[in-house]
Each structure stands twice: as C-alpha cells, then as structure tokens.
Amino acid sequence: MDLSPFEFQSAARVIFGLNTIGRLGEISVELGFKRSLLVADHGLQASGHVDEALDSLKAAGVEAAPFHDFDVNPNADMVERGRQFAAERRPDSIIGLGGGSSLDCAKGINFLLTNGGRMQDYRGYGKATRDMLPMIGIPTTAGTGSEAQSYALISDPHSHEKMACGDPKAAFRAVLLDPALTLSQPARVTATAGYDAISHAVESFVTTKRNAVSECYSREAWRLLEGNYERVLTVPEDLEARGAMLLGAYFAGLAIEYSMLGASHACANPLTSRHGVTHGVAIAMLLPQVVRWNASVVGSRYRELMHLAGANGYKGDDPLALATRLEEMAACGGMPSGLSAVGVSREDLGRLAEAASLQWTGRFNPRPLDRKGALEVYQWAF
C-alpha cells in the first residue's frame with residue numbers, strides 16, 4: 001500500500017441521473033441563488049439545453065442572464081468580456097453549462113468578477129484572496145472533467161498557451177450529471193472528449209503526485225470509460241453507456257484534482273497552441289507512445305489497468321498491451337495515427353519538444369520529462 005501523505009476534501013454536491021437538469025432551479029434555490037450568470041457556449045442554444053436550464057431557473061424564481069460570447073479553448077480576452085457582461089448585471093452566482101470550455105470560462109469569469117485583475121494574475125494555485133461566487137457545473141460532454149476540478153484552463157490570447165488557474169474557492173458547489181445532455185454532442189466531440197477522459201484516468205493513475213484516494217477514482221474512471229467508449233461511438237443513443245462515460249469523466253476529473261497529469265498533456269498542449277490540433281486528437285496520437293515511454297518505470301501499474309479492463313478480458317502480463325488497447329480505441333474514434341497526418345513536419349519536433357519540456361503537467365510524469373524525452377515521444381508518434 002502507498003502510504004504517501006495527502007489531504008482530501010470534496011466540496012461538491014453531485015446529482016447524477018437522467019433529466020437532472022430539470023432540478024437546476026431547485027438546487028439553485030437551495031444554494032441561495034437569486035440572480036445567476038449562465039455561461040453556455042453557442043452550440044447549446046441550438047440544442048435547446050440553454051432553454052431547459054432557463055425554464056427550470058425561471059420556474060424556481062431565479063433570474064438568469066445567459067452569456068455566450070466565447071469559443072472553444074476560451075482565452076483571457078473572452079473571460080474579460082464575460083466579466084464585463086456580468087458586472088453590469090451583478091449576479092450572486094454562476095452556472096456553467098456545456099463542455100470544458102463553458103465550465104472553464106465560468107470559473108475564469110468568477111476569478112475576475114470577485115478578485116479583479118487579469119487571468120494571468122491567477123496562474124498557479126491559491127491566488128484568489130477574496131471570496132468567489134457559488135457555482136453549479138453542468139457538463140454536456142463526457143470529457144474534460146472540469147466540473148470536478150478547482151482549476152480553469154484559460155489560453156493566453158497572445159502566446160495561445162494554456163494557463164492553469166486554480167483555487168479551492170473556484171470549485172463548483174453542485175454538479176449535475178445528466179446523461180441525456182450528452183446526446184446532443186456531435187460524434188466527433190464524443191470521440192475526442194471521450195478519449196481525453198480516458199487519458200485522464202490513465203495518466204492520473206501513474207503520476208508522482210498520486211495517492212490512495214486519487215487511485216480509487218482513476219481505477220473506476222478507467223473501468224467505466226474503457227468499457228463504454230466504443231459503445232457510445234457505435235450505438236450513440238445508448239443512454240446507459242453515455243451515463244457510464246459521463247460518470248467516468250467526472251471520476252477522472254476528481255483524480256486529476258488530487259494527482260495531476262503527465263507527459264501526454266505536456267506534449268499535447270504545444271500541438272494545440274502551435275498547430276491548432278484539437279486537444280483530444282493530440283492526446284490520442286501521444287498517449288499510447290507515452291505509455292510505452294513510461295513502461296520501464298510504471299509497467300506494473302499499466303498491467304493493473306489492463307487487468308481492470310472490462311471490454312476485452314485481458315489476462316496477460318505485458319504492460320505494453322495498454323498502449324495497444326489505447327491505439328485500438330483511438331482507431332475506433334477515427335483519430336489520425338501520426339503527427340504527420342495533422343501537418344506536423346519532422347523539423348517541427350525539436351521546437352515542440354522544447355515547449356513540452358516547459359509544461360507544468362510534465363513535472364508530475366513518473367519518468368522525468370525533459371526536452372530529450374519529449375522529443376523521443378514525438379518521434380515515436382510521428
């Protein structure tokens with residue numbers, strides 16, 4: 001047993017089940033909400049989910065002002081627009097509805113509205129000196145796990161680098177996990193977001209910061225996600241599989257909160273910021289190679305994940321079988337098989353490796369990640 005010291009506290013009330021968005025008004029009233037800012041991306045307006053949320057809030061007597069003026073991978077300028085929008089309406093609470101972009105944007109707006117300054121001022125952890133508004137998180141994708149975390153990932157509008165801005169006060173007070181909301185995801189989002197969640201389960205299980213609690217969440221997240229990923233892609237109307245993916249993504253997000261991530265995310269971020277590669281796609285190309293690169297250090301843990309796998313009944317002893325399984329799932333999701341397929345040249349690899357070696361998440365990888373190691377991962381993924 002790993003006896004590494006840790007602290008654990010879960011502040012969020014979690015409500016899981018079909019049509020739980022209908023309880024948004026009820027939960028908001030219980031938390032004392034009267035005037036809420038509803039942060040939801042443009043796509044959710046068309047899906048009808050914004051109207052569902054507004055109807056529930058209105059029925060409970062809670063005023064709500066919707067904010068939609070942001071895009072995928074929200075940057076500090078978009079968050080500032082949200083702050084200005086909110087400041088004119090003086091909300092007493094914030095609701096994030098959507099994928100990771102909506103949830104992160106909601107947290108970012110909360111930082112600036114309550115503590116002032118710019119998002120760059122909150123890079124790191126614990127830099128909010130004043131209380132923040134209470135929030136509810138409602139994910140509509142099974143992916144980032146942002147609803148379980150006290151971090152907002154906000155891009156710098158100039159460098160396009162993702163800034164991790166965290167504080168205990170930025171955690172959601174309540175989280176509504178409604179599998180029916182994920183039915184509106186485009187198939188591509190189901191594939192890329194789902195693979196991102198899988199990577200969270202795998203990486204959080206082997207980081208240097210892992211502990212006895214985070215391991216429980218990582219294991220259960222992997223079991224749920226690995227066993228249902230292909231199902232939601234081939235039978236997208238299967239609500240039981242979608243529920244398993246949504247819960248697995250939440251558990252993986254909790255694991256990240258207490259164990260952080262590793263080399264896959266360190267190497268993926270420069271691909272997104274410099275080449276515009278969708279985050280989940282970047283992860284799908286890199287994670288199997290990182291597993292191979294890390295296997296000499298944490299092979300026994302990779303074997304444990306394979307023995308937990310529900311879909312394939314693996315009974316062997318090869319830790320690299322995990323990399324093969326991850327490649328199978330990436331192929332099912334229609335992911336490109338190598339970096340060259342997304343426009344990356346061999347000449348780019350050195351610059352990417354330099355950027356990856358400076359990424360925050362790389363510090364927690366079980367095998368120390370430097371420029372040489374990142375370059376090796378990129379070369380294997382090419």
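**Helix H5 and Asn110**

I started with H5, which has 16 residues and reaches 22 Å from its first C-alpha to its last, close to the 22 Å expected at 1.5 Å a residue. I kept in mind throughout that this is a predicted model.

Next I looked up how covered H5 is. I found 15 of its 16 residues buried, so H5 is largely enclosed by the rest of the structure.

Then I picked one residue of this helix, Asn110; H5 covers residues 100-115. Is Asn110 buried or exposed? I noted a relative accessible area of 0%, so Asn110 is buried.

What does the side chain of Asn110 find there? I saw that one of its polar atoms lies 2.8 Å from the backbone oxygen of Leu133. Leu133 also turned up when I listed the contacts of Asn110 beyond four places in sequence: Ile94, Asn115, Met132, Leu133 and Met135.

At the end of the helix I checked the residue that follows H5, Gly116, and its phi is positive, near 75°.

**Positive phi away from glycine**

Gly116 made me look for other positive phi values. I reminded myself that most residues other than glycine have a negative phi.

I wrote down Asn73 first, with phi near 55°, a positive value in a residue other than glycine. I placed Asn73 in the loop between strand E3 (63-67) and H4. Its relative accessibility is 30%, so I put it down as partly exposed.

Arg90 was my other entry: its phi is near 50°, again positive and again in a residue other than glycine. I located Arg90 in the loop between H4 and strand E4 (93-98). With a relative accessible area of 63%, Arg90 is exposed.

**Salt bridges around H4**

Both loops border H4, so to speak, and I stayed there. Side chains of opposite charge can pair when their charged atoms come close. How many salt bridges does the count give? I got 20.

Within H4 (residues 76-87) I found Glu80 and Arg83, three residues apart, about one turn of the helix. They form a salt bridge, and their closest N and O atoms are 2.8 Å apart. I compared their exposure with the class limits: Glu80 is partly exposed at 23%, and Arg83 is partly exposed at 24%.

I also logged the salt bridge of Arg89 with Glu88, where the closest N and O atoms are 3.2 Å apart. Here Arg89 is partly exposed at 37% relative accessibility, while Glu88 is exposed at 62%.

**A pair across the chain**

I then turned to Glu230 and Arg325, a salt bridge with its closest N and O atoms 2.8 Å apart. Which parts of the chain does this pair link? I found distant ones: Glu230 sits in helix H7 (residues 212-234) and Arg325 in helix H11 (residues 321-332), 95 residues apart.

The accessibilities of the two partners fall in separate classes. Glu230 has 22% and counts as partly exposed; Arg325 has 4% and is buried.

I added a salt-bridge network to the list as well: Arg210, Glu215, Arg219, Arg301 and Glu304 are linked in it.

**Helix H10**

H10 (residues 279-308) caught my eye for its span. I noted only 26 Å between its end C-alpha atoms, whereas a straight helix of 30 residues would span 44 Å at 1.5 Å a residue. Where does H10 bend? I traced a bend of about 105° to Val297.

I checked the cover of H10 too: the helix is mostly covered, with 22 of its 30 residues buried.

**The whole chain**

I closed with the overall numbers. I counted 13 helices and nine strands in the secondary structure.

I looked up the radius of gyration and found 20 Å, which agrees with the value near 21 Å that a compact globule of 382 residues would have. The C-alpha atoms fill a box of roughly 60 × 45 × 40 Å along the principal axes.

Of the 382 residues, 58% are buried. My last entry was on contacts with a separation of 6 or more: residues 24 or more positions apart account for 79% of them.

Conventions: Residues numbered from 1 in each chain as written. Predicted model: local features only at pLDDT ≥ 70, side-chain atom pairs only at ≥ 80, totals over all residues. Heavy atoms only, no water. Helix = DSSP H or I, 4+ residues; strand = E, 2+ residues; numbered from the N terminus. Buried < 20%, exposed > 50% of the residue type's maximum accessible area, 1.4 Å probe, protein only. Polar contact = N/O pair within 3.5 Å; in protein donor to acceptor, adjacent residues only side chain to side chain. Contact = heavy atoms within 4.5 Å. Expected span 1.5 Å × (residues − 1). Bend = angle between axes of the 7 residues up to and from the residue. Salt bridge = Lys/Arg side-chain N within 4 Å of Asp/Glu carboxyl O. Rg over C-alpha atoms; globule rule 2.2 N^0.38 Å.
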